[in-house]
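Colleague: Could you take me through the buried interior of this one, and then out to whatever lies around the ligand? I'd like a close look, residue by residue where it helps.

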Amino acid sequence: MPELFEPGYIGRMRLKNRILMSPLHMCFTMEQENAFLIERAKGGAASVTAVLAVSDQGAPQGMNWMNEEVREKLRELAREVRPYDCRSIVQLFHCGRNCLPGRLAREGASPLAPSAVPSPLYKNMPRAMNREDIQEAIRQFADAAAACREAGIDCVEVSCSAGYLLNEFLAPHTNRRTDEYGGSMENRMGVPLEVLAAVREAVGQDYPVMVRLSGDSMVEGGYGLEDMKVFAARAEKYADAFNVTGGWHESRIPQISQDVEPGSFAYLARGIHEAVHVPTVACNRINSRESAEAVLAAGGCEFVGCGRAFVADPAFGSKIRAGLPYQECTACNVCLKQILFNKPAKCAVNPAVGREYLQRV
Ligand SMILES: Cc1cc2nc3c(=O)[nH]c(=O)nc-3n(C[C@H](O)[C@H](O)[C@H](O)COP(=O)(O)O)c2cc1C
């Protein structure tokens, strides 16, 4: 079993320890986002992840998407985390049907989804994607991945979790298509696999690519871990690691609240691990040295993902390494509540969150 502070690899990407800072869309400007992430790179994370939509059509308001200005900021992020021996990752995201009505970054755009099935969370009726929409989305993922590589970012992660666009293709209740992309599991995997193939083609064989999965949708009519194992086994051809989180946002099962025992969703990463030959990352409520070490010791994952632990205390990584006291995340989810209404994240125990850029000269 890997030790928490021993180096590891995702593809050719060397990580100084086993703690990846999980992707967190914080509704920040790129300036805020970079400063927020650089602070966490300083604080001992082996990698930090910026979340970027692949297009304005796939971005809820408040989310950055790939464009010229953002490319420049990615160069800065890649450059500025390196002195801390930290790697930069960009999660490539498309919200699909999951955004507030009328609140996409592209004004007047309707949310896109495999089928016209409303989001129970946002009460938003999406437009079913036609073949052209699908081809455009595939191209957007690939172009964004190429832009990340060009900007010096160390790795891209394709978002296929929590009920966002690519994940919606995998689940029977959101994918009711009658064409080659709907019906059987084989068909439902089509679009996510084509996206991954296009991303791989765009960045080349040697560039690290991760996939973020909800190991089980945990919603009625959705998919389970066995389905995801089938998907991961197919996706492995294009991926250097699987970052495995819990269920969809709309799940009735608590995912990240105080009710969730630290590390209790690691079984999903373990399940995916059985199906693939590349590393897996276990996530959700891993918020202390003890919980991180316990998850690694249980096996079935090579890395842990810690999100809010780094929100609450930017030096979470270096403090747990040194045995110093740190500000714990209480899982109050003030951060998440803000984001769900497209407002910049705040943290109940760390008022500096989102203001890190004010400290930079
Ligand atoms: C405010 C907030 C924003 C998030 N944004 C994203 C995101 O953009 N992409 C993603 O894959 N997961 C996102 N997540 C999920 C986290 O990556 C992580 O899986 C979750 O917070 C559980 O891990 P933690 O207990 O270590 O925070 C978000 C979570 C929160 C609280």
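Modeller: Let's fix one term before anything else: a residue is buried if 20 or more other C-beta atoms lie within 10 Å of its own, with the C-beta atoms placed from the backbone. Ala147 shows how that works: 22 other C-beta atoms lie within 10 Å of Ala147, so it is buried. Bear in mind that this is a predicted model.

Ala147 lies in helix H3, and that helix is a good way into the interior. The largest nonpolar core has 118 residues, and those with the most contacts inside it are Phe141, Val156, Val158, Val199 and Val304. H3, which spans residues 131-151, gives the most to this core, with eight residues. Back at Ala147, if you set aside neighbours within four places in sequence, its contacts are Met66 and Arg71. Ala41 is 106 residues away from Ala147 along the chain, and 22 Å separates their C-alpha atoms.

Now pick up Val304, one of those residues with the most contacts inside the core. Leaving out neighbours within four places in sequence, Val304 is in contact with Arg18, Ile19, Val281, Ala282 and Ile286, and also with Ala292, Val295 and Leu296. The last three of these turn up again in helix H9 (residues 289-298), where Ala292, Glu293, Val295 and Leu296 are buried. Those four cover an arc of only 160 degrees around the axis, which is why they end up on the same side of H9. Go round to the face turned away from that buried side and you find the exposed residues Glu290 and Ala297. As for what covers the buried residues of H9, the list includes strand S3 (19-21), helix H8 (266-275), strand S11 (280-282) and strand S12 (303-306). Just after H9, Gly299 takes a positive phi of about 85 degrees.

The strands deserve a look too. In strand S5 (residues 87-93), seven of the seven residues are buried, so S5 is largely enclosed by the rest of the structure. Arg87, Ile89, Gln91 and Phe93 point one way from S5, while Ser88, Val90 and Leu92 point the other way, and all are buried. In a regular strand the side chains alternate between the two faces of the sheet. Next to S5 in the pairing is strand S4 (residues 47-53): the two run parallel and are joined by seven bridges. Across that pairing, Leu52 has Leu92 of S5 as its bridge partner.

You can read strand S10 (residues 241-245) in a similar way: five of its five residues are buried. Ala241, Asn243 and Thr245 sit on one side of S10 and Phe242 and Val244 on the other, and both faces are covered. S10 pairs in the parallel sense with strand S9 (residues 209-214), over five bridges. Met210 is the residue opposite Ala241 there.

Then there's Leu112, in strand S6 (residues 112-113). Leu112 counts as buried because it has 24 C-beta neighbours inside 10 Å. Not counting residues up to four places away in sequence, it touches Gln57, Gly96, Pro126, Arg127, Met129, Asp133 and Leu165. Arg97 is 15 residues from Leu112 along the chain, and their C-alpha atoms are separated by 5.7 Å.

On to the ligand. It is surrounded by 23 residues, and the closest are Ser22, His25, Val51, Gly307 and Arg308. By type, the shell divides into 12 nonpolar, eight polar and three charged residues. Helices H10 (308-312) and H12 (334-340) each supply at least two residues of the shell, and H12 gives the most, with three.

Two backbone details to finish. Cys27, in the loop between S3 and helix H1 (30-42), has a positive phi near 60 degrees despite being a residue other than glycine. Cys27 is buried, since 21 other C-beta atoms lie within 10 Å. Asn342, in the segment after H12, also has a positive phi, near 55 degrees, and again it is a residue other than glycine. Asn342 has 15 C-beta neighbours inside 10 Å, so it counts as partly exposed.

Note on methods. Residues are numbered from 1 along each chain as its sequence is written. This is a predicted model: local features need pLDDT of at least 70, side-chain atom pairs count only at pLDDT 80 or more; totals for chains, interfaces and linings use all residues. A nonpolar core is a set of buried Ala, Val, Leu, Ile, Met, Phe, Trp, Tyr and Cys residues joined through C-beta atoms within 7 Å. A residue is buried if 20 or more other C-beta atoms lie within 10 Å of its own, exposed if 12 or fewer, and partly exposed in between; C-beta atoms are placed from the backbone. Two residues are in contact if their C-beta atoms, placed from the backbone, lie within 7 Å. A residue is near a molecule or strand if its C-beta atom, placed from the backbone, lies within 6 Å of it. Ala, Val, Leu, Ile, Met, Phe, Trp, Tyr, Cys and Pro count as nonpolar, Asp, Glu, Lys and Arg as charged, and the others, Gly among them, as polar. The arc is that of the directions from the helix axis to the C-beta atoms. Two strands pair if DSSP finds at least two bridges between them.
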